[in-house]
Amino acid sequence: MMYYSNNGQDFSNAFRKSMFPSFRSGSALTRLIYINCGLFFVVSVVYIPFLLMGFKGIYYDVLLEWLGVPADPDYLLYRPWTLFTYMFTHFGFFHLLFNMLWLYWFGSLFRNQFTERQLTGVYLLGGVFGAGMFILCYNIFPYFDQITRLSSWSIGASASVMAIVFAVCFHSPQQQVYIFLIGPVKMIYLALFTALIDLLSIQGDNAGGHIAHLGGALFGWLFAMGIRNHRDLATWITCPIDWFERMPRRKKMHIKYRRSSAGMNNNACNADKKEQDDRINEILDKISRSGYDSLTREEKAILFKSGRN
């Protein structure tokens, strides 16, 4: 027997209203976790009818291969988007879980040392470096024959997460973290041990995945070394994001109708005040996300004028 009430609808509305604002106003770390989990949910839901109809193999060949980055460069020419989609795609739940736990732990440490924009940049560029290392090794080493190269592709956020891990560990190598059953361990040792495990695991079944990990780790190390030399290697990918957010938005056209009521002036005044308040709230939200320096001259003038009033 099933019982239905409007409370279910209220719950779904409350969930939707709380989730989307948290994505828009949340940190870069929150958004990255949301995107990974959201894409995993979509892929899993699409997988169910294929599984029930006995088309599991077709699902792998058609869907995941169109999201995962291929080892063969010829395939990559027809699927260039996979350089980015693969780093947000997971199939197994535990694959997603462990990657998101590492992303949350070290992403939180990263935010204490660097900026939100740098976190996004290191995640994306670490993933691209991991894909590049994966493709390069599969095409230059005789260990990977043509059949293996043509049938191999990679998915998962591990390379991006490794970039964040190595950026944190090499930026603060003497900082210690507590590991269960082991005790305090210096960050530099944790990074080197992780890289060694990936290097030794290349001889296993998931060689491509471990090679991608090392590619992400390489970018994380390069990023940390660049910061020491006052060079931000994540700038070139974060600058377009900043530029896009600072672009002047086209204002919506408002159509006003003449009213014959005596309260027309009051209504117009209230509407103008509401429009100004909404504009101020948008500017304050932008400051909370990107900082005061991300504001345009017009936005700073509006904020200054509102403070005087």
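In which helix does L125 lie? In this predicted model, the answer is helix α7, and the report below begins with that residue before it turns to the core, the helices, the hairpin and the surface.

## Residues brought together by the fold

L125, placed in helix α7, is buried, with a relative accessible area of 4%. Its C-alpha atom is separated by 7.4 Å from that of F219, although the two residues are 94 residues apart along the chain.

A second pair of this kind involves A71, which is found in the loop between β1 (69-70) and α4 (73-78). A71 is buried, with a relative accessible area of 0%, and from C-alpha to C-alpha A71 and L136 are 8.1 Å apart in space while being 65 residues apart in sequence. A third pair joins L39, a residue of helix α2, with T89: they are 50 residues apart in sequence, yet their C-alpha atoms are 6.4 Å apart in space. L39 counts as partly exposed, because its relative accessibility is 24% and the partly exposed class runs between the limit for buried, under 20%, and the limit for exposed, over 50%.

## The nonpolar core

In soluble globular proteins, nonpolar side chains tend to be buried together. The largest nonpolar core of this model has 55 residues, and those with the most contacts inside it are L103, F110, Y123, I164, F166 and F223. Two or more residues are given to this core by each of the elements α2, α6, α7 (116-140), α9 (158-171), α10 (187-200) and α11 (207-228).

Among these elements, α9 gives the most to the core, with 11 residues. The burial of helix α9 can be read in its residues: 13 of the 14 are buried, so this helix is largely enclosed by the rest of the structure. The length of α9 also agrees with expectation, because 14 residues at 1.5 Å a residue should span 20 Å, and the end C-alpha atoms of the helix are 20 Å apart.

## Helix α2

Helix α2 covers residues 28-52, which makes 25 residues, and it reaches 37 Å from its first C-alpha to its last, close to the 36 Å expected at 1.5 Å a residue. The buried residues of α2 are A28, L29, L32, I33, N36, F40, V43 and Y47. Just after the helix, G54 takes a positive phi of about 80°.

## The hairpin of β3 and β4

Strand β3, made of residues 176-179, pairs with strand β4, made of residues 183-186, in the antiparallel sense and over 4 bridges. Within this pairing, V177 has V185 of β4 as its bridge partner, while I179 stands opposite G183, which also belongs to β4. In a regular strand the side chains alternate between the two faces of the sheet.

The hairpin has 3 residues between its strands, and L181 takes a positive phi near 70° in this hairpin. Another residue with a positive phi is H230, where the angle is about 60° although H230 is not a glycine. The place of H230 is in the loop between α11 and α12 (235-246), and this residue is exposed, with a relative accessible area of 75%.

## The surface patch and the salt bridge

A nonpolar surface patch of about 690 Å² is made by F93, F94, F98, L101, Y104 and W105. One of these residues, Y104, lies in helix α6, which runs over residues 93-113. Y104 is partly exposed, with a relative accessible area of 47%, and it can belong to the patch because residues with over 30% relative accessible area are the ones considered.

How many salt bridges does a search of the whole structure find? The search finds 1, and R111 forms a salt bridge with E116, in which the closest N and O atoms are 2.8 Å apart. R111 counts as partly exposed, at 37% relative accessibility, and E116 is likewise partly exposed, with a relative accessible area of 21%.

Definitions and conventions:
Residues numbered from 1 in each chain as written. Heavy atoms only, no water. Patch = residues over 30% accessible without salt bridge, like charges linked within 9 Å, V, L, I, M, F, W, Y side chains within 5 Å. Areas by Shrake-Rupley, 256 points an atom, 1.4 Å probe, with all protein chains shown as cover. Salt bridge = Lys/Arg side-chain N within 4 Å of Asp/Glu carboxyl O. Buried < 20%, exposed > 50% of the residue type's maximum accessible area, 1.4 Å probe, protein only. Expected span 1.5 Å × (residues − 1). Pairing = 2+ DSSP bridges. Core = buried A, V, L, I, M, F, W, Y, C linked by side-chain atoms within 4.5 Å.
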